[in-house]
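This briefing sets out the fold, the core and the ligand surroundings of a single structure. Please examine the sequence and the coordinates before reading on.

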Amino acid sequence: MNYDLFRKSGDACIVNLGHPTKAARVFERLYGIPIVRPDEIGKYGIVMFSLVSFRDFESVARIAHLKTEGQEWIAGGNAATNSVGINWIMDYVWIGDAFMAMREILSGLRDHPSMLKCSDIHPVSYHNEPIFQDPISKSEILLSKGCVRRCLFCVHGFREDYMEHSSQKE
Ligand code: SF4
């Protein structure tokens, strides 16, 4: 896949907050988005965040001073589905799966039911994709997504349905 074909609003990177997520590594491999250290984000027009826990919100706050004029910050990931702790610094938050949607996001997709515009908070809907079939790496594949327990206190505000490769639904 040629990332240059759909890059529009400047080079994009994914910032490494200390633990590159599986999703970040897939985006790097599929779309050529580099995973960079916080002190390297200044040269990119779009800075993406893959957030998996509320503790990542503190990491975001620690690097907020690195955001440059005109730079676009976009967050995704499980923790971002409950985005109140990051809306103040993000431009957009993608709510839901993005393995496939990332192509459109890189192409400039911002007006979408699952894209929260942080300067204009509005209801959003969860973007639910099938289990991503491609290997994460040479030794990792996704066998399921979601969680069977659906705890009310879960970081994942939408608590998506559990799916496995074999059944695709619990
Ligand atoms: S639903 Fe409960 S068990 Fe599942 S990930 Fe969330 S907190 Fe953990």
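Which residues of β3 lie on one side and which on the other, and are they buried or exposed? In this predicted model, Ile46, Met48 and Ser50 occupy one side of β3 and Val47 and Phe49 the other, and all are buried, with both faces of the strand covered. Since five of the five residues of β3 are buried, the strand is largely enclosed by the rest of the structure.

**Overall fold**
- The protein chain contains three helices and eight strands.
- The order of these elements along the sequence is β-α-β-β-α-β-β-α-β-β-β.
- The radius of gyration of the protein chain is 15 Å, close to the 15 Å that the globule rule gives for 170 residues, so the chain is as compact as a globular protein of that length.
- The C-alpha trace spans about 45 × 35 × 30 Å along its principal axes.
- Of the 170 residues in the protein chain, 26% count as buried.
- Among contacts between residues at least 6 apart in sequence, 58% join residues at least 24 apart.

**Strand pairing around β3**
- β1 and β3 run parallel and are joined by three bridges.
- Within this pairing, Ile14 has Met48 of β3 as its bridge partner.
- β3 also pairs with β4 in the parallel sense, over five bridges.
- Here Met48 has Ile74 of β4 as its bridge partner.

**Nonpolar core**
- In soluble globular proteins, nonpolar side chains tend to be buried together.
- The largest nonpolar core of this model has 35 residues, and those with the most contacts inside it are Met48, Ile74, Ala75, Val93 and Trp94.
- At least two residues of this core come from each of β1 (12-15), α1 (22-31), β3 (46-50), α2 (55-62), β4 (72-76), β5 (92-94), α3 (102-106) and β6 (115-117).
- Leaving aside residues up to four places away in sequence, Ile74 touches Ile46, Met48, Met90, Asp91, Tyr92 and Trp94.
- Met48 is thus named in several roles: it is buried on one side of β3, it is the bridge partner of Ile14, and it is among the core residues with the most contacts.

**Ligand surroundings**
- Cys147, Arg149, Arg150, Cys151, Cys154, His156 and Arg159 surround the ligand.
- By class, this shell consists of three nonpolar, one polar and three charged residues.

Definitions and conventions:
Residues are numbered from 1 along each chain as its sequence is written. This is a predicted model: local features need pLDDT of at least 70, side-chain atom pairs count only at pLDDT 80 or more; totals for chains, interfaces and linings use all residues. A residue is near a molecule or strand if its C-beta atom, placed from the backbone, lies within 6 Å of it. Ala, Val, Leu, Ile, Met, Phe, Trp, Tyr, Cys and Pro count as nonpolar, Asp, Glu, Lys and Arg as charged, and the others, Gly among them, as polar. A nonpolar core is a set of buried Ala, Val, Leu, Ile, Met, Phe, Trp, Tyr and Cys residues joined through C-beta atoms within 7 Å. A residue is buried if 20 or more other C-beta atoms lie within 10 Å of its own, exposed if 12 or fewer, and partly exposed in between; C-beta atoms are placed from the backbone. Helices (H or I, at least four residues) and strands (E, at least two) are DSSP runs, numbered from the N terminus. Two residues are in contact if their C-beta atoms, placed from the backbone, lie within 7 Å. The radius of gyration is taken over C-alpha atoms; the globule rule is 2.2 Å times the number of residues to the power 0.38. Two strands pair if DSSP finds at least two bridges between them.
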